[in-house]
Amino acid sequence: MSIDALCETCEFARIDEETGDLVCDALLDEDEMVDFITHGSQKCKFYRFYDEYKTVQKQN
């Protein structure tokens, strides 16, 4: 699975309203950002699966 496919299901991903691009909202420090950018083709260590149904189940 590519990093882009992972991003689409990540809790930190969102669509930028101005550009329409998928962006990452993970709060990374400078060193983490450099590591993320330079090793982007590997599995992202900040990835968290977003399951909106799990959130709804907790509300019931």
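Biologist: What is the relative accessible area of Tyr47, and how do I read such a value?

Modeller: Residues are sorted by that area: buried means under 20%, exposed over 50%, and partly exposed in between, using a 1.4 Å probe and protein chains only. Tyr47 has a relative accessible area of 23%, so Tyr47 is partly exposed. One reminder before we go on: this is a predicted model, in which local features need pLDDT of at least 70 and side-chain atom pairs count only at pLDDT 80 or more, while totals for chains, interfaces and linings use all residues. Residues are numbered from 1 along each chain as its sequence is written, and side-chain values use heavy atoms, with hydrogens and water left out.

Biologist: Where does Tyr47 sit in the fold?

Modeller: Helices (H or I, at least four residues) and strands (E, at least two) are DSSP runs, numbered from the N terminus. Here the chain has 3 helices and 2 strands, in the order α-β-β-α-α from the N terminus on. Tyr47 belongs to the loop between helix 2 and helix 3.

Biologist: Which residues does Tyr47 contact, leaving aside neighbours within four places in sequence?

Modeller: A contact means heavy atoms within 4.5 Å. By that rule Tyr47 meets Leu6, Thr9 and Cys10. With Thr9 there is also a side-chain polar contact of 2.7 Å; the term stands for a pair of N or O atoms within 3.5 Å, where within protein one must be able to donate a hydrogen and the other to accept it, and residues adjacent in sequence count only if both atoms are side-chain atoms. Tyr47 and Cys7 are 40 residues apart in sequence, yet their C-alpha atoms are 7.5 Å apart in space.

Biologist: What does Tyr50 touch, again not counting residues up to four places away in sequence?

Modeller: Tyr50 touches Thr9, Cys10 and Glu11. Tyr50 is in the loop between helix 2 (30–38) and helix 3 (52–59), and is partly exposed at 47% relative accessible area. Between Tyr50 and Phe12, the C-alpha to C-alpha distance is 8.2 Å across 38 residues of sequence. For the chain as a whole, residues 24 or more positions apart account for 44% of the contacts with a separation of 6 or more.

Biologist: Cysteines catch my eye at the bench. How many disulfides does the structure hold?

Modeller: A disulfide is a covalent bond between the sulfur atoms of two cysteines; the test is a pair of cysteine sulfur atoms within 2.5 Å. This structure holds 0.

Biologist: Why does Cys10 have no bond to the closest cysteine sulfur?

Modeller: That closest sulfur is in Cys24, 6.1 Å from the sulfur of Cys10, so the two are too far apart for a bond. Cys10 counts as buried, at 11% relative accessibility, whereas Cys7 is partly exposed at 22%.

Biologist: How many salt bridges are there, and how do I recognise one?

Modeller: Side chains of opposite charge can pair when their charged atoms come close. The cut-off is a side-chain nitrogen of Lys or Arg within 4 Å of a carboxyl oxygen of Asp or Glu. The structure holds 3 salt bridges. Glu11 and Arg48 form one of them, at 3.6 Å from N to O. That pair links distant parts of the chain, 37 residues apart: Glu11 is in the loop between helix 1 (3–8) and strand 1 (13–15), and Arg48 in the loop between helix 2 and helix 3. Glu11 is partly exposed at 40% relative accessibility, and Arg48 is partly exposed at 45%.

Biologist: Which residue does Asp25 pair with, and which one does Asp35 pair with?

Modeller: Asp25 pairs with Arg14, their closest N and O atoms being 2.8 Å apart. Asp25 lies in the loop between strand 2 (22–24) and helix 2, and Arg14 in strand 1, so this bridge ties together parts 11 residues apart in sequence. Asp35 pairs with Lys45, at 3.9 Å between the closest N and O atoms. Since Asp35 is in helix 2 and Lys45 in the loop between helix 2 and helix 3, the parts tied together are 10 residues apart in sequence. Asp35 is partly exposed at 31% relative accessibility, while Lys45 is exposed at 61%.

Biologist: What about Asp16: buried or exposed?

Modeller: Asp16 is buried yet has no salt bridge; Arg14, the nearest side chain of opposite charge, is 4.4 Å away. For charge, Lys and Arg count as positive and Asp and Glu as negative, with His and the chain ends not counted. Asp16 lies in the loop between strand 1 and strand 2, and its side chain reaches the backbone nitrogen of Thr19 at 3.0 Å.
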